[in-house]
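Subject: Structure handover

Hello,

Here is the structure you asked to look through. My notes follow it; please read them with the model open.

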Amino acid sequence: MKKIIPTLILGTMATLNSQAVVDKNFNYHVDRFADIEVLRYEVPEYDRLSLNQKKMLYFLSQAAQMGRDILWDQNGKYNLQIRQLLEKIYTDYNGDRNSADFKAFEKYLKQVWFGNGIHHHYSTDKFTPEFSQDFFAAEVGKISDADLPLAPGQTREEMMQVLVPVIFDPSVMAKRVNQDGTQDVVATSASNLYGDGVTQAEVEDFYAKMKTPGDETPVSYGLNAKVVKDASGNLVEEKYHLTGLYGPAIAEIIYWLDMAKNVAENDAQKAYITKLIDYYITGDLRLFDEYSILWAEDTKSDIDFVNGFIESYGDPLGMTGSWESYVNFKNTESSSRTETISSNAQWFEDHSPVDPRFRKDKVKGVSAKVITAAMLAGDAFPSTAIGINLPNSNWIRAQHGSKSVTLENITEAYEMASHGNGFNEEFVIDEPTRKILDDYLYITDMLHTDLHECLGHASGRLLPGVDQDALKENGSALEEARADLFALYYVADPKLLELGILDNPNAYQAEYYKYMLNGLMTQLNRIEPGNDIEEAHMRNRQLVAKWVLENGRKKGKGGKDVVELVKKNGKTFVKINDYPKMRELFGNLLAEIQRIKSEGDYKGGNDLIQKYAVKVDPKLHKEVLDRFSKLDIPPYRGFINPVYTPVMDGNGEITDITISYPENYSEQMLRLSRDYSPLTK
Ligand code: ZN
């Protein structure tokens, strides 16, 4: 719930003064297929790290990559077997690599790599292969039994009986995460977080019994477990830990965490790595909470990481964490920006446009920093967030605070790769607006992420006795809207000029224009024709943009609409007539959504969602898709990682660790499968 995923970032210049110098010749583009573009990101300032820090970063990167198979298996129970089979066909193939079937096969494999399984990483719909079943059967036929990834005791024929429909039949395992509340979301989701025959009602009952009413420090139930039926039909947890499910991968992770612990920067860091290892050994969620507290409270270390079962978007019930890892180090220069913001957190809280009853008297330790990502893995790879705010546990956030990070080199890579892609010329209304986007979108977009993460999510409070889950299935979208609105309201505040973060009182207009354009139009590029909007962040953005569009009618200066959709040469454009009034409207909606959250007003929240966030105008949707198709801008992007190579002396001691960017997409994926697959060996 606490992460920002990138919107489509426009092709603007990076003009932020405090930027680390970027290499203008760095090649960001790696691969392009289906609806995906793969990029690489640069790791600026890697060379300033000490040898000890490089070692730590390397060991943590090893721990990160060792978890890859876990996520693949969580995403679907045949994913690892399918990956092995597809890669075997791909590498052994000796026919015409330009034939239609092989090209289609290659595209499918690249999609599967990107989705960490047979479903799309974002829509969670199953991929549709465009090669024939005959091609597939013929290629499998060329592989000897010994080289087939057969399950224990499985014959070649049995394997094909299982996998052919899983790959080719659209009705089998159709969606990884089904959130249609009119169905049993556990039984109808294809992910592998629940065993065969387990129903939603059974799982809800199982965990309801486990919880203690009135427990003020509850563990995150179900976070690290698969729920299955035992021989007598009772539900039991199969925990993810050293001697449990995914043990062989967890053993490797523990090994490399232990190596990292030995070169930790300080005792506080050593202490939380030890705690994390203990948690991986036992699977005890109390230890995970203890680790999370120690981690959140460490704001001194330069090198930092996330490694574990963290975000629960992959579970239709929002409980089980998908395995992920980020390894990073602090971007000292840019961090001064977020440190300024977070050290003024109480000022922002006290001046927010919400009812004072819903404000926090004391904002609890929000630490914020800007980081340079050095390794992305698991659920953060290849598609990644650009901001993270953890831990997720509500009571830990309330009592101990949270840590918020902005991944600046990732944002920068998106930005640089977008430069000159024609987006602004196609979708931005006029030259003066394009100019302000060119000059200020990069910095205000970063600021939006900072404000959303460090202040937005941490702001406000519930009235006594209000259930934190009262907004139910709309909770995520409304929470994202609340954080976005907090950021939108403050990105236009003169306080940012006073703090020396912005140098132009109109800079915020860049962010406002982009936000409205995205929420009203361009994010529709991610939706298939005829579909509603489902994903929480997209619902949030459309809710905010449409609400402002409707509630700003005739409210702008001179009785004009605050914002309108106008036609130019038959094309639709967003036109903003009154920016200051728009800020006021963002403030009004923030006050209303904060009220809904603080009072636990389910109906109020649901009315907003249903009225503004879900439905799509089919005509405008079609226009957006048509205009995008001419630009060939992919709706989704992700990254491959750099390669870290230890340099040894004659005694086997590491004397340096070099960084390089030598691989293309397929090479990296095949190397990961070869060197980092403890669950398929
Ligand atoms: Zn958020």
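Strand E8 and strand E10 (residues 402-407) run parallel and are joined by six bridges. One pair to look up is Ser367, whose bridge partner in E10 is Lys403. Please keep in mind throughout that this is a predicted model.

E8 also pairs with strand E7 (residues 322-330), this time antiparallel, through seven bridges. Here Glu324 has Gly378 of E8 as its bridge partner. As a reminder, strands of a sheet pair through backbone hydrogen bonds, and the pairing can be parallel or antiparallel.

Is E8 enclosed or open? Of the 13 residues in strand E8 (residues 366-378), 13 are buried, so the strand is largely enclosed by the rest of the structure.

Next, the zinc ion. Which residues hold the protein donors of the zinc ion? They are His452 and His457, each through NE2, and Glu480 through OE, at 2.0 to 2.1 Å from the ion. Along the sequence the spacing of these donor residues is H-x4-H-x22-E. The two histidines, His452 and His457, are both buried.

There is also an open sheet of three strands, with mixed pairing and the order E2-E3-E13. Strand E2 (29-33) and strand E13 (636-640) each have a single partner strand and stand at the edges, so each has one side without a neighbour in the sheet. From one strand to the next, the twist averages 25°. E2 and strand E3 (residues 36-40) run antiparallel and are joined by four bridges. In that pairing His29 is matched with Leu39 of E3.

Two helices lie across this sheet. Helix H4 (residues 100-115) lies across E2, E3 and E13 and runs at about 115° to E2. Helix H24 (residues 665-675) lies across E2, E3 and E13 as well, at about 90° to E2.

How do the two helices meet? Two packed helices are described by the angle between their axes and the distance between the axes. For H4 and H24 the angle is about 60° and the axes are 11 Å apart. That angle makes H4 oblique to H24. The crossing of H4 and H24 is left-handed. On the H4 side the contact is made by Lys110, Trp113 and Phe114, and on the H24 side by Tyr665, Ser666, Met669 and Leu670.

Regards

Methods
Residues numbered from 1 in each chain as written. Predicted model: local features only at pLDDT ≥ 70, side-chain atom pairs only at ≥ 80, totals over all residues. Heavy atoms only, no water. Donors = N, O, S within 2.8 Å, 3.2 Å for Na, K, Ca; no water. Buried < 20%, exposed > 50% of the residue type's maximum accessible area, 1.4 Å probe, protein only. Pairing = 2+ DSSP bridges. Axes fitted to C-alpha atoms, helices over the stretch in contact; angles between N-to-C directions. Contact = heavy atoms within 4.5 Å. Parallel < 35°, antiparallel > 145°, perpendicular 65-115°, else oblique. Left-handed = near helix turned anticlockwise from the far one by under 90°.
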